[in-house]
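I sat down with this one over coffee and kept notes as I went. Here they are, in the order I looked things up.

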Amino acid sequence: MTVDAKQAAKEKANKRKKASRARQKDKGLTAVALMLTPAQMGKLDALRAVRGPSSGPYARTEFFEQLLLQEWAHYQAQLDHIKGQCCGMCGDPLPGKEGCRDKGDGNCAQTWARQAFGFGISHYYQNKSV
Ligand SMILES: [Zn+2]
């Protein structure tokens, strides 16, 4: 490849990238970078394969998009579950805001509702009633 051909290919690639960024901007897309260890990458690839449709594994970005949509649906279901309920101690509607006078008290529904929105204790949330 001549110097001119290399330069032309580089300019073409830059033009393509610029057009791609413009399309992403038009769609309001935001790129998110993620650094994974080799072990995490192995888990990601295994999950992409088993969670993917019959046509094949999800692309990595597609997997995270699906994960986000699932998590959002789960969060909305949690909100629906407590909709209209209030903490029996402070009286604030759930899920409440920071600053409940009983914040941190295990009997405060806002405390357990907030904890339930975190990862790993959703079983606690599902068994708790106000
Ligand atoms: Zn409370």
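**Core first**

I began with the largest nonpolar core, which is made up of seven residues: Ile82, Cys87, Leu94, Cys108, Ala109, Ala113 and Ala116. Helix H4 (residues 109-116) gives this core its largest share, three residues. A reminder to myself: in soluble globular proteins, nonpolar side chains tend to be buried together.

I then picked Cys87 from that core and listed its contacts, leaving out neighbours within four places in sequence. Cys87 touches Asp92, Leu94, Gly96, Cys100, Cys108, Ala109 and Gln110.

**How far to trust it**

I noted that this is a predicted model, so I checked the confidence next. The mean pLDDT of the protein chain is 85, and 90% of its residues reach 70 or more. Helix H2 (residues 38-51) has the highest confidence, at a mean of 96, and helix H5 (residues 122-127) the lowest, at 49. Where pLDDT is low, the predicted coordinates should not be read in detail.

**Overall layout**

I counted five helices and zero strands in the protein chain. From the N terminus on, the order of elements reads α-α-α-α-α.

How does the radius of gyration of the protein chain stand against that of a compact globule of 130 residues? I found 23 Å for the chain, where such a globule would be near 14 Å. Along its principal axes, the C-alpha trace spans about 75 × 30 × 25 Å.

I looked at burial too: 8% of the 130 residues count as buried. Among contacts with a separation of 6 or more, 9% join residues 24 or more positions apart.

**Helix H3**

I ran a length check on helix H3 (residues 60-82). Its 23 residues should span 33 Å at 1.5 Å a residue, and the end C-alpha atoms are 34 Å apart, so the two agree.

How many of the 23 residues of H3 are buried? I got one, and H3 is hardly covered. After H3 comes Gly84, and I noted its positive phi, near 85°.

**Gly118**

My last stop was Gly118, which sits in the loop between H4 and H5. Is Gly118 buried or exposed? It has 9 other C-beta atoms within 10 Å, so Gly118 is exposed; the cut-off for exposed is 12 or fewer.

I also paired Gly118 with Gln78: they are 40 residues apart in sequence, and their C-alpha atoms are 11 Å apart in space.

Definitions and conventions:
Residues are numbered from 1 along each chain as its sequence is written. This is a predicted model: local features need pLDDT of at least 70, side-chain atom pairs count only at pLDDT 80 or more; totals for chains, interfaces and linings use all residues. pLDDT is the predictor's confidence in each residue, from 0 to 100. Helices (H or I, at least four residues) and strands (E, at least two) are DSSP runs, numbered from the N terminus. The expected span of a helix is 1.5 Å times one less than its number of residues. A residue is buried if 20 or more other C-beta atoms lie within 10 Å of its own, exposed if 12 or fewer, and partly exposed in between; C-beta atoms are placed from the backbone. A nonpolar core is a set of buried Ala, Val, Leu, Ile, Met, Phe, Trp, Tyr and Cys residues joined through C-beta atoms within 7 Å. Two residues are in contact if their C-beta atoms, placed from the backbone, lie within 7 Å. The radius of gyration is taken over C-alpha atoms; the globule rule is 2.2 Å times the number of residues to the power 0.38.
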